[in-house]
Amino acid sequence: MEQKIIELVNETKAKVNAIACAKDLTDLKVEVLGKSGALTLILRGLKDLSESDRPKMGKIVNEARVELEKVIGEKFVQLERKELDEKLMKEKIDISLDKKTTLGKLHPLNVMRRKAIDFFVSMGFIVTDSPEIETTYYNFDMLNIPPDHPAREMQDTFFVTDKILLRTQTSAGQIRTMEQIKPPIKMISPGRVFRSDEADATHTPCFHQIEGLVVDKGITMCDLKGILASFAKHFFSENSSVRFRPSHFPFTEPSVEVDASCPHCGGKGCNVCKGTGWIEILGAGMVNRHVLSGCGIDPDVYTGFAFGVGLDRITAICHGINDARVPFEGDIRFLKQF
């Protein structure tokens, strides 16, 4: 019986070394060590031996079982590692960077936004933020816009409810600032605004503004014109100039439309400025007394001016973009130009 066990162990080891897949190894394990396996049958035959031989042969069988389990276990580990290596080689992923990948950059609107913020901050303005979802109280009532004003119509404004809407101007941020900070105030409020307009070459339902506000003692239109003249020189050219034309806004009195000399022709007249030499860039004016008093600021002591710059319009003027929809389309051919 001892010789039979030795032969079984040697034969099993040889088979283990020749096996190349885990399934065959499992079958061999069952064949030798299973409930009906060869070594198990030998173990069951020990009952037929004499009492003196039985302990010795039992020890030999157990040692053979331990040895075979170790050999088969090591082979299982070897086959699993080999199988994993082969699988990893087949599913290999190239994680190296493509040297030809083009790096992204800022959208021209964001470039212009940062440039505008840097300009006004350099002149002592603080930057504030306000909600894009606004109330009629801040968007209309506190800006002296009466209930019958066209801007309050559904076809001009995105209303969520009767009292909640998507802000139509960042001027609402000026009201919030004047409620929280007492003069002197020098702030800008950049952000997106929304109006119920059909998208065409000159209109989009979402666009960008920077509203500016200065409130202090002795503020006049001269201060407003000085800042806006510096703004035009910074964005267009050192030779740029501005002019005021009378206008009307409910929250400013007097109100003006502000034109800058055309940066493309230097004021001589071209197709961009339609031969006039001037391009409208923003609206402005002195803050209405009712707006100041509504925010708890005495209009007999303090005066102020406000202006609203359309970032999309300034970007279009600087880069010669003739369609307001193009910057929003995500066309890579357009964006690569900047």
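Glu-80, Glu-83, Asp-85 and Glu-86 together form a negative surface patch in this predicted model. If you want a landmark for finding it, look along helix H4, which spans residues 53-90 and holds Glu-80. Membership in such a patch asks for over 30% relative accessible area and no salt bridge, so the four residues named here are acidic side chains without a salt-bridge partner.

Helix H4 is also a good place to start with charge pairing. Side chains of opposite charge can pair when their charged atoms come close. Glu-67 forms a salt bridge with Lys-13, and the closest N and O atoms of the two are 2.2 Å apart. Since Lys-13 lies in helix H1 (residues 2-18) and Glu-67 in helix H4, the pair ties together parts that are 54 residues apart in sequence. Both partners are partly covered: Lys-13 is partly exposed, with a relative accessible area of 26%, and Glu-67 is partly exposed too, at 33%.

That pair belongs to a wider set, for a search of the whole structure finds 14 salt bridges. Another of them joins the side chains of Asp-259 and Arg-243, at 2.9 Å from N to O. Here the link runs between strands: Asp-259 sits in strand E7 and Arg-243 in strand E6 (residues 242-249), so the pair ties together parts that are 16 residues apart in sequence. How buried or exposed is each partner of this bridge? Asp-259 has 2% relative accessibility and therefore counts as buried, while Arg-243 is partly exposed, with a relative accessible area of 32%. The two do not stand alone, either: Arg-243, Arg-245, Asp-259 and Glu-280 are linked in a network of salt bridges.

Further along the chain, Asp-331 forms a salt bridge with Arg-333, and their closest N and O atoms are 2.8 Å apart. Asp-331 is partly exposed, with a relative accessible area of 23%, whereas Arg-333 is exposed, with 64%.

Now let us turn from charges to the nonpolar interior. The largest nonpolar core has 36 residues, and of these Phe-120 and Phe-307 touch the most other members. Which elements give two or more residues to this core? They are helix H5 (108-122), strand E5 (206-216), helix H8 (221-235), strand E7 (252-261), strand E8 (278-287), strand E9 (303-310) and helix H10 (311-319). Helix H8 provides the largest share, six residues.

Strand E5 deserves a second look, as it also holds Gln-209. With 10% relative accessibility, Gln-209 counts as buried, because the cut-off for that class is under 20%. If you compare sequence and space, Gln-209 and Asp-223 are 14 residues apart in sequence and 21 Å apart in space, C-alpha to C-alpha.

The backbone has some points worth checking as well. Most residues other than glycine have a negative phi, and most peptide bonds are trans. Against that background, the peptide bond from Pro-183 to Pro-184 is cis, with omega near 5 degrees. Pro-184 is placed in the loop between helix H7 (171-180) and strand E4 (185-194). The peptide bond from Glu-253 to Pro-254 is also cis, with omega near 0 degrees, and Pro-254 is found in strand E7, the strand that carries Asp-259.

Pro-184 makes a useful reference point for another pair as well. Glu-198 and Pro-184 are 14 residues apart in sequence, yet 40 Å apart in space from C-alpha to C-alpha. Glu-198 has its place in the loop between E4 and E5, and it is exposed, with a relative accessible area of 69%.

Finally, which residues other than glycine have a positive phi? Asn-144 is one of them, with phi near 65 degrees. Asn-144 is found in the loop between helix H6 (136-139) and strand E3 (164-166) and, at 30% relative accessibility, counts as partly exposed. Lys-274 is another, with phi near 55 degrees. Its place is the loop between E7 and E8, and Lys-274 is exposed, with a relative accessible area of 76%.

How values were computed:
Residues are numbered from 1 along each chain as its sequence is written. This is a predicted model: local features need pLDDT of at least 70, side-chain atom pairs count only at pLDDT 80 or more; totals for chains, interfaces and linings use all residues. Side-chain values use heavy atoms; hydrogens and water are left out. Patches are made of residues with over 30% relative accessible area and no salt bridge: like charges are joined within 9 Å, nonpolar side chains (Val, Leu, Ile, Met, Phe, Trp, Tyr) within 5 Å. Accessible areas come from the Shrake-Rupley method with a 1.4 Å probe; for residues, only the protein chains shown count as cover. Lys and Arg count as positive and Asp and Glu as negative; His and the chain ends are not counted. The place of a charge is taken as NZ of Lys, CZ of Arg, CG of Asp or CD of Glu. Helices (H or I, at least four residues) and strands (E, at least two) are DSSP runs, numbered from the N terminus. A nonpolar core is a set of buried Ala, Val, Leu, Ile, Met, Phe, Trp, Tyr and Cys residues joined through side-chain atoms within 4.5 Å. Buried means under 20% relative accessible area, exposed over 50%, partly exposed in between (1.4 Å probe, protein chains only).
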